[in-house]
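Please take the sequence and the model below together, and follow the paragraphs with both in view. The walk goes from one residue to its partners, and then outward to other parts of the chain.

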Amino acid sequence: MSQDTDSPINVDDPFARRLLNQYLERRKSDLTRLRVALSQNDFSSIQLTGHNLFGSGAAYGLEEVSALGKKLEQAAKSIQADRISDLIDELERFVTTVTVA
């Protein structure tokens, strides 16, 4: 399940490569929104973002994003702030280290 961030994701099609890079950039902007939501105890926003990550990650071949999204959604439902913080950190590590070639 875990994507090896040391090895780039190889995408031959330039259009698909651009889409994947754009997707990863949007996930980086999600990090700020997730942290703001957590600081405001806005667990419903975190739950929705997690749900969306769960649904979209696999469509881009990023099973790790889907797995983290599912965990975020579940942690938000259970109001587990510390767990959410850890998951946001994991998501950040993934989206900032994975490369597309």
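Ser56 is a residue of helix H2, and in this predicted model its relative accessibility is 19%, so it counts as buried, the cut-off being under 20%. The side chain of Ser56 is joined to that of Tyr23 by a polar contact of 2.6 Å. Tyr23 counts as buried as well, because its relative accessibility is 1%.

Tyr23 also takes part in an aromatic pair, and the count of such pairs comes to one. The partner is Tyr60, and the two rings are stacked, with 4.1 Å from centre to centre and 20° between their planes. Since Tyr23 belongs to helix H1 and Tyr60 to the loop between H2 and H3, the pair ties together parts that are 37 residues apart in sequence. Tyr60 counts as partly exposed, because its relative accessibility is 33%.

The helix that holds Tyr23 can be followed from its start. At the N-terminal end of H1, Asp13 acts as a cap, with a side-chain oxygen 2.8 Å from the backbone nitrogen of Phe15. H1 has 26 residues, which at 1.5 Å a residue should span 38 Å, and the distance of 38 Å between its end C-alpha atoms agrees with this. Among the buried residues of H1 are Leu20, Tyr23, Leu24, Arg27, Asp30 and Leu31, and further along Leu34, Ala37 and Leu38. An α-helix has 3.6 residues a turn, so residues three or four places apart point the same way. The buried residues of H1 pack against H2, H3 and H4.

What does a residue of H2 touch on the other side of such packing? Ile46, which is found in helix H2, residues 43–57, is in contact with Leu34, Ala37, Leu38, Leu72, Ala76 and Ile84, once its neighbours within four places in sequence are left aside. Three of these, Leu34, Ala37 and Leu38, are buried residues of H1. Ile46 itself counts as buried, because its relative accessibility is 0%. Between the C-alpha atoms of Ile46 and Gly69 the distance in space is 9.4 Å, although 23 residues separate the two in sequence.

Helix H3, residues 63–77, contains Glu73. Glu73 is buried yet has no salt bridge, and the nearest side chain of opposite charge, that of Lys77, is 4.1 Å away, whereas a salt bridge would require a distance within 4 Å. Not counting residues up to four places away in sequence, Glu73 touches Gln47, Gly50 and His51.

The loops between helices add a further detail, which concerns the backbone. Most residues other than glycine have a negative phi. Asn41, which follows H1, has a positive phi near 55°, and it is found in the loop between H1 and H2. With a relative accessible area of 51%, Asn41 is exposed, because the cut-off is over 50%. Ile79, in the loop between H3 and helix H4, likewise has a positive phi, of about 55°, although it is not a glycine. Ile79 counts as exposed because its relative accessibility is 55%.

Definitions and conventions:
Residues numbered from 1 in each chain as written. Predicted model: local features only at pLDDT ≥ 70, side-chain atom pairs only at ≥ 80, totals over all residues. Heavy atoms only, no water. Helix = DSSP H or I, 4+ residues; strand = E, 2+ residues; numbered from the N terminus. Buried < 20%, exposed > 50% of the residue type's maximum accessible area, 1.4 Å probe, protein only. Contact = heavy atoms within 4.5 Å. Lys, Arg positive; Asp, Glu negative; His and termini not counted. Expected span 1.5 Å × (residues − 1). Polar contact = N/O pair within 3.5 Å; in protein donor to acceptor, adjacent residues only side chain to side chain. Phe/Tyr/Trp six-rings, centres within 6.5 Å; stacked < 30°, edge-to-face > 60°.
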